[in-house]
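Welcome, and please take a moment to look over the model before reading on. We will go through it one part at a time.

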Amino acid sequence: MALIDFFTRKPAAPAPPAEAPEPEAWPEIGETWKPEGLPVAERYYNQAHAVVLVARTSQDPYGTAYYLVACLGCHFLSTRTKYHSSYIRYALGQAAEAANAHASTCRALPRELPPRPDEDTARNLLRSWVTAMARRNLLHPDIDLDLAEFDSGRLELQRTNEWIQTELEALAADRSDLLVVRRDDRTGTVRFRARPLPR
């Protein structure tokens, strides 16, 4: 071994390659969100990339499906469209037009998705809506309460029609002064009749 070998530096062993950092997941803004009880039919993006949902709320005994439109950027929510002098529930085509029209003008940034409430919270929420309807006398004794009355709260509730119907039946059993259940002999569907509470 020559004397020069003692003074020659050997190249350091190469460092092991650093692992690439895990890519951070983009927060869920509704592209794949499937809230319970609201099958999403279509999604649109607003001008700031927030999702505008078109989701099915129910289907009548004759097979007609109804939809709502909800923006996950701002708080826009629509369940009906004006038809002549009255308001009718959205069919898919009407809901898609409303969602597209809203998405083309809305500039709201995506916000957090509404959390799904636990059973007790959802039950109390539903009962408070029925009580508020009766107290405001929005429903008269001769007018049936349809599940469509709860469409505007479906994103907050995130429950199926079957769950809502079961809870309304339980409420009617507990509070017959507030709600009455009857079955439609022609279609077999369960109907509810809200009784106005005294002011």
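What follows is a short walk through the sheet, a helix beside it, some ring contacts and the salt bridges.

This is a predicted model, in which local features need pLDDT of at least 70, side-chain atom pairs count only at pLDDT 80 or more, and totals for chains, interfaces and linings use all residues. Residues are numbered from 1 along each chain as its sequence is written, and side-chain values use heavy atoms, with hydrogens and water left out.

Let us begin with the sheet. Helices (H or I, at least four residues) and strands (E, at least two) are DSSP runs, numbered from the N terminus. Two strands pair if DSSP finds at least two bridges between them. Here, 4 strands form an open sheet in the order β1-β2-β3-β4, with antiparallel pairing. Its edge strands are β1 and β4 (77–78), each of which pairs on one side only.

Now look at strand β1 (residues 40–45), which joins β2 through 5 antiparallel bridges. One place to find this pairing is Glu42, whose bridge partner in β2 is Val54. The hairpin of these two strands has 5 residues between them, and there His49 takes a positive phi near 75°.

On to the next pair: β2 and strand β3 (residues 65–71) run antiparallel over 7 bridges. Val52 has Cys71 as its bridge partner in β3, while Ser58 is matched with Tyr66. In the hairpin of β2 and β3, which also has 5 residues between the strands, Gly63 takes a positive phi near 95°.

Is strand β2 mostly covered or mostly open? Strand β2 (residues 51–59) is mostly covered, with 7 of its 9 residues buried; buried means under 20% relative accessible area, exposed over 50%, and partly exposed in between (1.4 Å probe, protein chains only). Helix α1 (residues 92–105) lies across β1, β2 and β3, running at about 20° to β1. For that angle, axes are lines fitted to C-alpha atoms, for helices over the stretch in contact (heavy atoms within 4.5 Å), and angles run from 0 to 180 degrees between N-to-C directions.

Next come the rings. The structure holds 1 aromatic pair: Trp129 and Phe150 are stacked, at 6.3 Å centre to centre and 25° between the planes. Trp129 lies in helix α2 (residues 119–135) and Phe150 in the loop between β7 (144–145) and α3 (154–157), so the pair ties together parts that are 21 residues apart in sequence. Rings of Phe, Tyr and Trp (its six-membered ring) pair if their centres lie within 6.5 Å; planes under 30 degrees apart count as stacked, over 60 as edge-to-face and the rest as tilted. Phe150 counts as buried because its relative accessibility is 1%.

Tyr66 appears again here, since Arg89 lies over its face at 4.0 Å from the ring centre. A charge sits over a ring if NZ of Lys or CZ of Arg is within 6 Å of the ring centre and within 35 degrees of the ring normal.

Finally, the salt bridges: a side-chain nitrogen of Lys or Arg lies within 4 Å of a carboxyl oxygen of Asp or Glu, and the count comes to 11. In one of them, the closest N and O atoms of Arg116 and Glu36 are 2.4 Å apart. Arg116 is in the loop between α1 and α2 and Glu36 in the segment before β1, 80 residues apart.
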